[in-house]
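Hi,

Here is the structure I promised to pass on. Please have a look at it first, and my notes follow underneath.

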Amino acid sequence: MNLLDLFSGAGGLTEGFRNNNYEFIYHIEMDTDACYTLKTREAFYYLKKKEKLHYYNLYLNSEITREELYRLLPTDELEKTQKFEINDESIFDIFRLIDSKIGTRKVDGIIGGPPCQAYSTIGRARNKDKKPTDSRIYLYEYYVKFLEKYQPSFFIFENVKGLLSFRDSKEELLFPKIINAFMNVGYNVEFKIINSAEFGVPQKRERLILVGIKKDKNVKESFFDLLEIQKETPPNLFQLFSDLPKIKNGMECNQYITSDINSYLKKYIRKQEDTPLTYHKARLNNENDLKIYKLVATEKRNGNNLHYTDLPLSLQTHNNKKSFLDRFKALDGNSVSHTIVAHISKDGHHYIHPDVSQNRSITVREAARIQTFSDDFYFESSRTSAFKQIGNAVPPVLAEKLSKTILKLFKEELD
């Protein structure tokens with residue numbers, strides 16, 4: 001099935017569709033680093049297929065440059081990733097590009113979700129004044145234009161659950177307008193709030209999944225009824241991190257401590273045994289923050305969430321003591337994580353490691369594992385950008401289950 005991948009980001013949703021009889025025509029993404037991440041991932045899959053994955057490992061070990069890595073790929077593979085901001089000026093250029101690539105082929109599916117910052121409940125107060133001019137609110141209209149032009153058999157649209165209650169610049173609920181727009185271009189639509197933790201992701205991450213099926217398709221079952229079959233119990237964080245070296249504030253160690261790993265790590269995380277570990281480097285924090293981390297993580301281990309105003313006065317350096325009182329938050333090693341968000345790119349205060357002895361926030365690799373990116377997945381081009389890409393992504397394990405459910409839904413047609 002031929003797919004268009006819109007608002008791709010680092011490719012979490014993409015990753016889940018790669019190995020299940022899907023072929024990508026293009027990934028459309030505006031962020032430069034995310035585009036590099038997508039291209040590097042194309043390099044991984046191409047070299048793996050050609051049994052030349054040792055070149056990819058050389059890149060991860062900094063023995064060849066990114067340019068040298070990319071030169072190993074045919075131009076067509078690299079050009080699957082296209083850097084565009086989707087807007088009134090670019091959309092027809094994107095259409096022309098797609099038309100020249102697909103020829104007589106059909107676009108079978110469109111996946112992706114527009115940036116969610118405008119709809120997020122957390123950012124509403126901050127974004128209230130710019131709502132009348134915030135073009136992000138209406139990015140879904142471009143998604144509709146892609147559906148209208150290419151008429152795929154299905155689409156998957158992912159976003160934050162805050163979209164359900166969001167009011168547009170006219171102070172009208174936006175979500176019914178989105179549903180009507182999808183229906184008006186020929187789709188039956190189902191939607192549901194999905195908690196990723198119910199589907200094998202070690203993270204409480206609730207997201208709105210909206211699935212559209214072309215009205216003329218012979219599909220008899222509900223997508224979300226079929227998705228229920230894919231439920232899976234995730235590991236806790238101590239199990240998820242069990243093979244990673246213990247490091248402290250500011251340290252880096254990219255050597256696994258064991259090859260004797262649990263079944264979850266074998267299935268989802270360490271799929272390529274010879275791939276080097278990357279990005280297991282802890283942020284450097286000041287002494288005040290480290291004292292807070294230790295107190296917060298210790299209390300979390302005892303089942304308590306320590307608020308900012310509970311800290312000793314000597315450690316309270318922020319003037320604001322009325323809001324964001326959970327600005328320092330530890331993970332529970334015996335459970336799954338709370339939601340990883342893009343703010344982790346600014347600091348790690350909300351993601352303190354559950355092991356008190358390590359006394360630090362989580363690394364990029366640990367955040368990637370919480371989002372179910374495999375260890376062979378490399379994020380370009382810096383630690384800050386990697387954290388941002390991870391926080392904005394769809395967990396690949398959830399995405400894989402969405403992709404398998406689509407195949408089951410269309411089984412009769414595919415047969």
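Let me begin with a pair of strands: β4 (residues 109-112) and β5 run parallel, and four bridges join them. If you want a place to find this pairing on screen, go to G109, whose bridge partner in β5 is F154. Please keep in mind that this is a predicted model.

β5 has another neighbour as well. It pairs with strand β7 (residues 206-214) in the antiparallel sense, over seven bridges. Here F157 stands opposite L210 of β7. So is β5 itself mostly covered or open? Strand β5 spans residues 154-160 and is mostly covered, with seven of its seven residues buried.

Now for the whole protein. There are 17 helices and seven strands. The radius of gyration is 22 Å, close to the 22 Å that the globule rule gives for 415 residues, so the protein is as compact as a globular protein of that length. Along the principal axes, the C-alpha atoms fill a box of roughly 65 × 55 × 40 Å.

Some further numbers on packing and surface:

- Buried residues make up 56% of the 415.
- Among contacts with a separation of 6 or more, 71% come from residues 24 or more positions apart.
- The accessible surface is about 19,000 Å², and carbon and sulfur atoms account for 47% of that.
- The protein has 62 positive and 57 negative charges, and their mean positions are 3 Å apart.

Happy to go through any of this with you.

Best wishes

Terms used
Residues numbered from 1 in each chain as written. Predicted model: local features only at pLDDT ≥ 70, side-chain atom pairs only at ≥ 80, totals over all residues. Heavy atoms only, no water. Buried < 20%, exposed > 50% of the residue type's maximum accessible area, 1.4 Å probe, protein only. Helix = DSSP H or I, 4+ residues; strand = E, 2+ residues; numbered from the N terminus. Pairing = 2+ DSSP bridges. Rg over C-alpha atoms; globule rule 2.2 N^0.38 Å. Contact = heavy atoms within 4.5 Å. Areas by Shrake-Rupley, 256 points an atom, 1.4 Å probe, with all protein chains shown as cover. Lys, Arg positive; Asp, Glu negative; His and termini not counted. Charge placed at Lys NZ, Arg CZ, Asp CG, Glu CD.
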